[in-house]
Amino acid sequence: MTAPKSGGDDSRIITLPTELPILPLRNSVFFPGAVMPLTIGRTKTIRLIEEAKQERSLLGIITQRAPEIDDPNAEDMYTVGTAARIIKLARTGKDGFNIVVEGVTRFRVEEFSQIDPFFSARISALEDEGTGDVEVEALALNLRNTAREVIDLLPEIPVMAKQLLDSILVPGHLADLITANIDATIEEKQEILEAINLKKRLVKVLELLNRQFEVLKLSNKINSQVKGEMSKTQREYYLRQQLKAIKEELGDKEDDESGLEELEKRLKSANLPDEPDKAAKRELRRMRNMQPSQAEYTVARTYLDWLAELPWNKNSKDNLDLQNAKSTLDADHYGLEKIKKRIIEYLAVRKLKADMKGPILCFLGPPGVGKTSLGRSIANALGRKFHRISLGGVRDEAEIRGHRRTYIGALPGRIIQGMKKAGTNNPVFLLDEIDKLGHDFRGDPSSALLEVLDPEQNNSFSDHYLDVPFDLSHVLFIATANQGETIPPALRDRMEIIELPGYTFEEKLSIASQHLIPKQILEHGISTDQIEIPEETILKIATHYTREAGVRNLEREVASVCRSVAVEVAKLDKKEDSAKEIITLEKLTKILGPERFYNEVAERTAIPGVATGLAWTASGGDLLFIEATRMGGKGSLILTGQLGDVMKESAQTALSWIRSHAMDFGLAENVDEHFLEKTDVHVHFPAGAIPKDGPSAGVTIITALISLLTGRRTRPDTAMTGEVTLRGLVLPVGGIKEKVLAAHRAGVKNIIMPARNEKDLLDIPANVKKEINFIFAKKVDDVLEAALIEGHPVKKDLSVKPILEEAQA
């Protein structure tokens with residue numbers, strides 16, 4: 001049996017014996033033409049080398065299927081191997097050899113003839129198939145070119161490797177050489193060793209080599225990127241180290257390390273609760289592994305600054321002296337007894353129970369009655385810090401809960417910002433204009449406030465920016481609002497509503513004397529020796545130059561008077577030369593001009609068809625004049641004055657009641673007669689630019705229509721309010737205190753109201769009740785009897801006729 005020797009050509013022929021000793025090889029595949037050093041240590045292999053050395057014969061090298069088997073059987077070895085000869089042998093110790101073998105040719109094991117003392121097998125030589133084929137030559141050329149490209153990507157391979165590739169002319173030997181040196185699995189290399197067909201062998205080797213080529217290209221690309229990044233990082237590190245050394249030489253301690261140490265000290269001194277403390281330590285660990293130039297570093301630093309500056313456990317000591325609190329509140333505000341009583345109650349309970357939760361109050365009332373300033377006075381009385389935020393027009397939920405830190409420029413919400421500014425965890429927190437919150441696609445801030453204003457939840461308020469709970473249960477929340485209807489029901493349910501309806505003239509007189517005038521004198525640079533405003537002048541300003549529930553416009557008019565005096569004082573050379581200016585009624589007219597408001601009730605009601613009603617508005621109570629007239633037509637009811645649906649229905653109800661009782665007023669001769677068949681009735685509500693709605697104008701509409709149809713005028717000093725039914729009952733309405741105070745400001749002497757509203761007079765000041773005569777009506781005829789003058793009297797029991805009598809009739 002013969003086989004060609006591996007090399008550049010097939011000129012030398014080596015004859016293989018029919019039987020060869022077999023050397024099992026682990027973790028590698030040996031190819032013809034290859035040279036490989038081997039360390040011999042297994043017993044059978046040592047015996048094999050000793051025999052081969054004595055006989056100087058060839059040996060067969062076959063790869064084990066499982067390299068972990070130390071003493072393999074015949075079944076544990078592949079059937080195709082490489083015949084090799086020993087070209088160098090050296091003994092290592094008593095039992096061991098180091099040999100160098102050279103591959104000669106492929107062979108196939110036909111049968112193992114010997115197992116002990118070493119493997120021996122009958123073999124047959126394997127010769128390459130398909131030599132001389134043009135396609136084989138093309139594949140070999142492609143393989144050689146690809147191998148050169150791979151060598152170019154591996155700078156550690158010497159230049160001689162390309163010369164070696166060029167020296168091998170036989171395609172099979174070229175494929176064997178390349179396979180022996182590329183990165184492939186044992187199975188893939190064994191498959192190539194067993195490939196006798198040259199075309200198949202070359203295609204397989206080319207696939208493996210192309211895969212190796214792509215891997216090397218990608219690896220080089222990654223290495224170049226990493227090298228560039230590392231070079232930039234190393235350069236920055238080197239520069240920072242230089243900068244650090246320069247700062248140390250200059251004695252500048254404000255480096256990043258000292259900054260982190262200082263921040264860590266601040267966090268420890270802040271005495272954080274467990275969860276915020278864990279979050280702070282986690283962020284500190286992250287910061288130590290980041291460069292200060294990274295954007296994330298600044299975000300983490302800002303976050304830790306917020307955690308360190310919040311008053312987690314810092315509180316102010318309450319002043320629990322009840323008498324001191326009452327004196328402070330009385331000194332700052334006149335009246336408002338209900339609110340003062342509530343604050344004293346809170347202090348009393350706080351004195352008895354130190355861990356009580358802060359109440360959540362809502363001051364509801366028209367503008368200018370002192371809701372906001374009252375919050376500051378409460379803080380002074382308690383000895384607490386005060387913080388105010390305005391919620392008017394706030395539409396974004398993040399204004400309350402904050403932005404998440406993933407957003408650029410993220411900050412905590414206004415609640416947490418306010419706690420930081422207050423510096424304590426128990427301030428008086430004023431939520432101004434809570435009824436003017438908005439909502440849009442960015443969320444509903446009123447829903448976010450539910451957690452803030454819920455005593456059962458606000459002990460673990462979660463701000464999106466902090467992402468850790470913050471305790472708000474010690475905060476005294478005070479909200480202010482002008483209208484209760486615009487506050488969402490769920491939010492309103494969480495607050496204790498305290499109403500501030502407005503001031504009487506006497507209260508305004510006291511407020512102006514004790515607070516407004518001294519304040520404006522001081523702000524205008526004059527003294528009490530240079531100006532005096534008598535009480536009758538103050539009352540004149542309050543009654544004829546302002547008409548409001550609060551005192552804001554009153555303060556503006558007082559400021560105008562002070563400015564006028566300041567001009568006169570400034571004209572003099574010395575302030576001492578100026579005499580005291582007493583503001584009389586005549587001087588007041590010169591300063592403020594003619595009166596802006598006057599009692600128009602008598603003028604309006606001088607003709608039939610006009611009645612004076614009382615209305616509630618967001619700025620307090622007001623008078624509502626209802627005018628009625630008739631003209632030729634088809635019996636239609638015309639309503640004008642920008643009315644809501646409820647008020648339109650009240651007008652229709654009033655007209656229906658009048659038509660059903662037309663005979664009682666002499667308007668018709670029998671029940672079936674339609675006395676308005678050829679007449680249209682027009683009811684107008686003046687101030688048409690202002691929307692109006694509500695049921696409380698029912699009695700006023702009936703009075704105006706009866707006055708029109710009967711020709712009887714209404715009393716000039718009388719106003720009324722109440723809802724009516726088709727049966728003529730007068731039902732109770734709301735806003736009684738605001739309406740009564742408005743009537744008092746307008747000079748009304750008689751007020752007609754539903755009998756069931758008599759209980760609401762408890763909140764009316766005593767001096768107002770003394771000056772006004774209250775008439776309580778249960779039926780419409782009670783209203784008409786008290787409101788109309790002249791003409792024949794109204795018949796009794798018109799509105800509530802028994803149903804049985806109607807059926808019998």
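This passage describes a helix–helix contact and a selection of salt bridges in a predicted model.

Helix H2, spanning residues 134-152, and helix H4, spanning residues 171-181, have axes that come within 10 Å and cross at roughly 30 degrees, and the crossing in which H2 passes H4 is left-handed. On the side of H2, the contact is made by Val136, Glu137, Ala140, Leu143, Arg144 and Ala147, while H4 contributes Pro171, Leu174, Ala175 and Ile178. Classified by residue type, the contact of H2 with H4 contains eight nonpolar and two charged residues, and no polar ones.

Salt bridges number 36 in the structure. One of them joins Asp70 to Arg26, with the closest N and O atoms 3.5 Å apart. Because Asp70 lies in the loop between strand E5 (59-63) and strand E6 (80-91), whereas Arg26 lies in the loop between strand E3 (19-25) and strand E4 (35-40), this pair ties together parts that are 44 residues apart in sequence. Arg26 is partly exposed, its relative accessible area being 33%.

A salt bridge within a single helix is formed by Lys217 and Glu214, at an N to O distance of 3.7 Å; both residues belong to helix H6 (residues 198-250) and are three residues apart, about one turn of the helix. Lys217 is partly exposed at 38% relative accessibility, and Glu214 is likewise partly exposed, with a relative accessible area of 45%.

The side chains of Glu581 and Lys587 also meet in a salt bridge, at 2.9 Å from N to O, with Glu581 partly exposed at 26% and Lys587 partly exposed at 32% relative accessibility. Finally, a network of salt bridges links Arg266, Arg301, Asp305, Glu309 and Lys420.

Conventions. Residues numbered from 1 in each chain as written. Predicted model: local features only at pLDDT ≥ 70, side-chain atom pairs only at ≥ 80, totals over all residues. Heavy atoms only, no water. Axes fitted to C-alpha atoms, helices over the stretch in contact; angles between N-to-C directions. Helix = DSSP H or I, 4+ residues; strand = E, 2+ residues; numbered from the N terminus. Left-handed = near helix turned anticlockwise from the far one by under 90°. Contact = heavy atoms within 4.5 Å. Nonpolar A, V, L, I, M, F, W, Y, C, P; charged D, E, K, R; others polar. Salt bridge = Lys/Arg side-chain N within 4 Å of Asp/Glu carboxyl O. Buried < 20%, exposed > 50% of the residue type's maximum accessible area, 1.4 Å probe, protein only.
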